[in-house]
Amino acid sequence: MCDECQQWQQRYPYYDFCHQALFSYDEAFKEWIYQYKFLGDFRLRKTFITEIQHYFSHKKDWIVCSVPLSEERFFQRGFNQVEAFLQAAGIKTQKLLVKKLNNAPQSEKSRQERLAAPQAFRATENMTKIKNQKVLLVDDVYTTGRTLFHAAEILQTYQPKVLHTFSLAR
């Protein structure tokens, strides 16, 4: 485990932390995510179909949950970037979480502000489906891990058998 993962493990000792990402969050990926997410180039959702399908070919019996957007952010952007790239790759998701707070985008916050952010998610009625199931929580980019750990905190209370996380980049 990297140093950051070890810190999260200390904070969440009950959580069997396992995160996987396809790419490094480097300058090229930052430019891609800016074009896709912030400039709204919806066509870019298809960029990594092959890589996403390959990864998910090993997760056929997992329940996939994408990190949700707040209603306000969805209406501003017009799409959920995570749902869009998963749908483009033919990956079915279950809506298990709702984002209850419309905070400033994580990209506009410092590391300390991200880590101090309050819990932004709540469960949907679908949560009873995840007890004793394998659940994969998906986001676009892992920077500090705060978003994924807040979401995982909610999911964990419904006793999945396994809960892992995935992002396009870290």
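1. Let me start with helix H3, residues 49-56, where Ile 52, Tyr 55 and Phe 56 are buried. Viewed along the axis of H3, these buried residues fall within an arc of 90 degrees, so they line one face of the helix. The face turned away from that buried side carries Thr 50 and His 54, both exposed. A word on the background: an α-helix has 3.6 residues a turn, so residues three or four places apart point the same way. Please keep in mind throughout that this is a predicted model.

2. Helix H1, residues 3-11, is worth viewing in the same manner. Its buried residues include Glu 4, Cys 5 and Trp 8. Around the axis they cover an arc of only 100 degrees, which puts them on the same side of H1. Asp 3, Gln 7 and Gln 10 are exposed on the other side of H1. You may like to colour both helices by accessibility while reading these two points.

3. Now to the strands, beginning with S5. Is strand S5 largely enclosed or open? Seven of the eight residues in S5 (residues 134-141) are buried, so the strand is largely enclosed by the rest of the structure. S5 pairs with S2 in the parallel sense, over four bridges. Within S5, Leu 137 stands opposite Cys 65.

4. S5 also has strand S6 (residues 162-169) as a partner: the two run parallel and are joined by seven bridges. Two of the pairs can be picked out by name. Lys 134 has Val 162 in S6 as its bridge partner, and Val 141 stands opposite Ala 169 in S6. Between the two strands, the chain crosses from S5 through helix H7 (residues 146-156) to S6, and this β-α-β crossover is right-handed.

5. What about S6 itself? Seven of the eight residues of S6 are buried, so the rest of the structure largely encloses this strand. Strand S1 (residues 19-23) runs parallel to S6 and is joined to it by four bridges. Here Phe 23 stands opposite Ala 169 in S6. Ala 169 therefore deserves a second look on screen, since Val 141 too stands opposite this residue.

6. Next, a pocket. How much space lies in the second largest pocket? The computed volume is about 390 Å³. Its lining consists of 18 residues, and Pro 68, Leu 69, Asn 80, Lys 95 and Leu 97 lie nearest its centre. By character, the lining residues divide into seven nonpolar, five polar and six charged. Strand S2 (63-66), helix H4 (71-77) and strand S3 (97-99) each supply at least two residues of this lining. S2 thus appears twice in this note, as it is also the strand that pairs with S5 in the parallel sense.

7. The loop between strand S4 (121-123) and S5 holds Lys 129. Is Lys 129 buried or partly exposed? Its relative accessibility is 46%, so Lys 129 counts as partly exposed. Lys 129 and Arg 111 are 18 residues apart in sequence, and their C-alpha atoms are 34 Å apart in space.

8. Asn 132 is in the loop between S4 and S5. This residue is not a glycine, yet its phi is positive, at about 60 degrees. With 52% relative accessibility, Asn 132 counts as exposed, because the cut-off for that class is over 50%.

9. Another positive phi turns up at Gln 159, with a value near 55 degrees in a residue other than glycine. Gln 159 is placed in the loop between H7 and S6. Its relative accessible area is 43%, so Gln 159 is partly exposed. If you check backbone torsions by hand, Asn 132 and Gln 159 are the pair I would bring up together, both having a positive phi.

10. Last comes Phe 42, in the loop between helix H2 (27-38) and H3. Phe 42 counts as partly exposed, at 35% relative accessibility. How far apart are the C-alpha atoms of Phe 42 and Gly 78? They are separated by 9.2 Å, while the two residues are 36 residues apart along the chain.

Note on methods
Residues numbered from 1 in each chain as written. Predicted model: local features only at pLDDT ≥ 70, side-chain atom pairs only at ≥ 80, totals over all residues. Heavy atoms only, no water. 1 Å grid on protein atoms, 1.4 Å probe; cavity = no way out; pocket = protein on both sides within 12 Å on 5 of 7 lines; lining within 4 Å. Points joined across faces, edges and corners; volume = space filled by probe spheres on them. Nonpolar A, V, L, I, M, F, W, Y, C, P; charged D, E, K, R; others polar. Buried < 20%, exposed > 50% of the residue type's maximum accessible area, 1.4 Å probe, protein only. Pairing = 2+ DSSP bridges. Right-handed = clockwise from strand over helix to strand, strands pointing away. Arc of directions from axis to C-beta.
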